[in-house]
Amino acid sequence: MTPAIDVARKNKISFKVHEYSHDPASESYGGEAAEKLGVPQEQVFKTLVVSLDGKELAVGIIPVSSRLSLKLIAKALGAKKATMATKSDVERATGYVLGGVSPLGQKKQLRTIIDTSATYNSTVFISAGRRGLDMELNPEDLKTMVSGEFVNIT
């Protein structure tokens, strides 16, 4: 279906795909996903791409109900400064469009930090690679597949 789902299948992890009708007028992709899937916003995670010291892109995965701390993600990745990556940089590096960026199956796997709050849930929802398509999986499996780490970044 999508590169993200292909990666999960290759890794033989347990996951569920959830599809919903995406409303193009929706202001918050993650908020819309939580509402349409009927799950708490704290369980739905968004994939944000940042630029570290203007040299390298990296990923922060945080609950849709939270805001990314650029200072905390920079510190977690050993950078002096983090800024939000541009739309074109995000789409070029990941192969996904905004609102459908998955931490899995990116063109080039970027260094990834997952907010520690993911560990408070037995499963989390992440984008499965397109708007209106999410996957539910264990946060530890997500961490393994992205070679990430859990750090407080909100």
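Let us begin with the walls of the largest pocket in this predicted model: its lining residues divide into 15 nonpolar, eight polar and six charged. The space inside this pocket comes to about 450 Å³. Of the 29 residues that line the pocket, Tyr 29, Lys 46, Thr 47, Leu 48 and Gly 99 are the closest to its centre.

Which elements build these walls? At least two lining residues come from each of helix H2 (29–37), strand E2 (45–52), helix H4 (87–94), strand E6 (124–130) and strand E7 (133–137). Strand E2 gives the most, with five residues.

From the pocket we can move on to the nonpolar interior. The largest nonpolar core holds 28 residues, and those touching the most other members are Val 49, Leu 104, Ile 114, Ile 126, Met 135, Leu 137 and Leu 142. Helix H1 (3–10), E2, strand E3 (56–63), H4, E6, E7 and helix H5 (139–146) each supply at least two residues of this core. A second core, separate from this one, has 13 residues, including Ile 62, Leu 68, Ile 73 and Ala 79.

Ile 114 is a good residue to centre your view on. Setting aside residues up to four places away in sequence, Ile 114 touches Ile 61, Leu 142, Lys 143, Val 146, Glu 149, Phe 150 and Val 151.

Next, please find Ser 102, in the loop between H4 and strand E5 (111–115). Is this loop residue buried or exposed? Ser 102 counts as buried because its relative accessible area is 0%, where the cut-off for buried is under 20%. Its side chain makes polar contacts with backbone atoms on two residues: a polar atom of the Ser 102 side chain lies 3.1 Å from the backbone nitrogen of Leu 104, and the side chain also reaches the backbone oxygen of Ser 127 at 2.8 Å. Beyond its neighbours within four places in sequence, Ser 102 is in contact with Ala 4, Thr 47, Tyr 96, Ile 126, Ser 127, Ala 128 and Gly 129. Two names here may be familiar: Thr 47 was listed among the residues closest to the pocket centre, and Ile 126 among the core residues that touch the most other members.

Helix H2 brings us to a charged residue, Glu 32. With a relative accessible area of 6%, Glu 32 is buried too. What does the side chain of Glu 32 pair with? A polar contact of 2.7 Å joins it to the side chain of His 22. Apart from neighbours within four places in sequence, the contacts of Glu 32 are Tyr 20, Ser 21, His 22, Asp 23 and Ser 26. For a sense of scale, Glu 32 and Asp 115 are 83 residues apart in sequence, and their C-alpha atoms are 20 Å apart in space.

Finally, let us look at the backbone in two loops. Asp 53 lies in the loop between E2 and E3, and its phi is near 50 degrees, a positive value in a residue other than glycine. Asp 53 counts as partly exposed because its relative accessibility is 34%. Ser 147, in the loop between H5 and strand E8 (149–151), also has a positive phi, near 50 degrees. With a relative accessible area of 66%, Ser 147 is exposed.

Note on methods. Residues are numbered from 1 along each chain as its sequence is written. This is a predicted model: local features need pLDDT of at least 70, side-chain atom pairs count only at pLDDT 80 or more; totals for chains, interfaces and linings use all residues. Side-chain values use heavy atoms; hydrogens and water are left out. On a 1 Å grid over the protein atoms alone, a cavity is a set of points where a 1.4 Å probe fits but cannot get out, and a pocket is an open set with protein on both sides within 12 Å along at least five of seven lines; lining residues have an atom within 4 Å of a point. Grid points are joined across faces, edges and corners, and a volume is the space filled by probe spheres set on the points. Helices (H or I, at least four residues) and strands (E, at least two) are DSSP runs, numbered from the N terminus. Ala, Val, Leu, Ile, Met, Phe, Trp, Tyr, Cys and Pro count as nonpolar, Asp, Glu, Lys and Arg as charged, and the others, Gly among them, as polar. A nonpolar core is a set of buried Ala, Val, Leu, Ile, Met, Phe, Trp, Tyr and Cys residues joined through side-chain atoms within 4.5 Å. Buried means under 20% relative accessible area, exposed over 50%, partly exposed in between (1.4 Å probe, protein chains only). Contact means heavy atoms within 4.5 Å. A polar contact is a pair of N or O atoms within 3.5 Å; within protein, one must be able to donate a hydrogen and the other to accept it, and residues adjacent in sequence count only if both atoms are side-chain atoms.
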